[in-house]
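Reader: Before we discuss the classifications, please show the sequence and the structure. I shall then ask for the reasoning behind each term.

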Amino acid sequence: MQKPLILLSLLGSLAVTACANTGAAYEPIVDGPVSESYAADLASCQQLATEHAYLNANTRTDALIGAGIGAIAGVADDEVSDTEGAVAGAVVGAIAGAGAGAAEVNDERRQIVIECLQGRGHRVVG
């Protein structure tokens, strides 16, 4: 039972880190000509987006909810003991919940870049 848990933990961690900074590094489409200040504004907006942390309260809540649901599902598994099932379910659920939370933060970071550029007068369409 330990080997699958370790493998799932590593895969989950890899999945969460694989999307690190992609939202903040987003380069949006601009309608029309790009002004001289665009590159500096883009860099500034991307930096602002990185301040929105992946491990925020919402991500922790998603991980805890996932752990709880996973633990309940693990106890229902008849092929392992209740303790093993609960622990395995909690680990898998926490990884899934944290991954979902991190993906949500990634989308929020992308939106921060877009709105920041729009606020600075750039015609960003997405």
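Reader: Why is Asp41 called buried?
Author: This is a predicted model, and in it Asp41 has a relative accessible area of 13%. Buried means under 20%, so Asp41 is classed as buried.

Reader: What makes the pair Asp41 and Arg120 a salt bridge?
Author: The closest N and O atoms of Asp41 and Arg120 are 3.5 Å apart. The cut-off for a salt bridge is within 4 Å, so this pair qualifies. Asp41 lies in helix α2 and Arg120 in the segment after α4, so the salt bridge ties together parts that are 79 residues apart in sequence.

Reader: Is Arg120 buried, partly exposed or exposed, and why?
Author: Arg120 has a relative accessible area of 41%. Partly exposed is the class between the limits of 20% and 50%, so Arg120 is partly exposed.

Reader: How many salt bridges does the structure hold?
Author: There are two. Asp31 and Arg123 also meet through their side chains, with an N to O distance of 2.9 Å. Because that distance is within 4 Å, the term applies here as well. Asp31 is placed in the loop between α1 (2–18) and α2, and Arg123 in the segment after α4, so this pair joins parts 92 residues apart in sequence.

Reader: How do you know which classes Asp31 and Arg123 belong to?
Author: Asp31 has 37% relative accessibility, so Asp31 counts as partly exposed. Arg123 stands at 55%; exposed means over 50%, so Arg123 counts as exposed.

Reader: What makes Cys45 and Cys116 a disulfide?
Author: Their sulfur atoms are 2.1 Å apart, and the criterion is within 2.5 Å, so the pair is a disulfide. The pair connects distant parts of the chain, Cys45 in helix α2 (residues 38–50) and Cys116 in helix α4 (residues 82–119), 71 residues apart. A search of the whole structure finds one disulfide.

Reader: Why is the disulfide of Cys45 and Cys116 given a handedness, and which one?
Author: The torsion about its S-S bond is about -70°, so the disulfide is left-handed.

Reader: Are these cysteines buried or exposed, and how do you know?
Author: Cys45 is at 0% relative accessibility and therefore counts as buried. Cys116 has a relative accessible area of 13%, which is under 20%, so Cys116 is buried too.

Reader: Which residues make up the largest nonpolar core?
Author: This core has 12 residues in all, including Cys45, Cys116, Leu42, Val113 and Ala24. The elements that give two or more residues to the core are α2 and α4. Ala24 touches Gln46, Ala49, Thr50, Arg109 and Val113, not counting residues up to four places away in sequence.

Reader: Why is Thr59 called buried?
Author: Thr59 has a relative accessible area of 3%. The limit is under 20%, so Thr59 is buried. Its place is in helix α3 (residues 57–75). Leaving out residues up to four places away in sequence, Thr59 touches Tyr54, Ala98, Gly101, Ala102 and Val105.

Reader: What makes Ile72 exposed?
Author: Ile72 has a relative accessible area of 64%. Exposed means over 50%, so Ile72 meets the criterion. Ile72 is in helix α3. The C-alpha atoms of Ile72 and Gly85 are separated by 8.4 Å, the two residues being 13 residues apart along the chain.

How values were computed: Residues are numbered from 1 along each chain as its sequence is written. This is a predicted model: local features need pLDDT of at least 70, side-chain atom pairs count only at pLDDT 80 or more; totals for chains, interfaces and linings use all residues. Side-chain values use heavy atoms; hydrogens and water are left out. Helices (H or I, at least four residues) and strands (E, at least two) are DSSP runs, numbered from the N terminus. Buried means under 20% relative accessible area, exposed over 50%, partly exposed in between (1.4 Å probe, protein chains only). A nonpolar core is a set of buried Ala, Val, Leu, Ile, Met, Phe, Trp, Tyr and Cys residues joined through side-chain atoms within 4.5 Å. Contact means heavy atoms within 4.5 Å.
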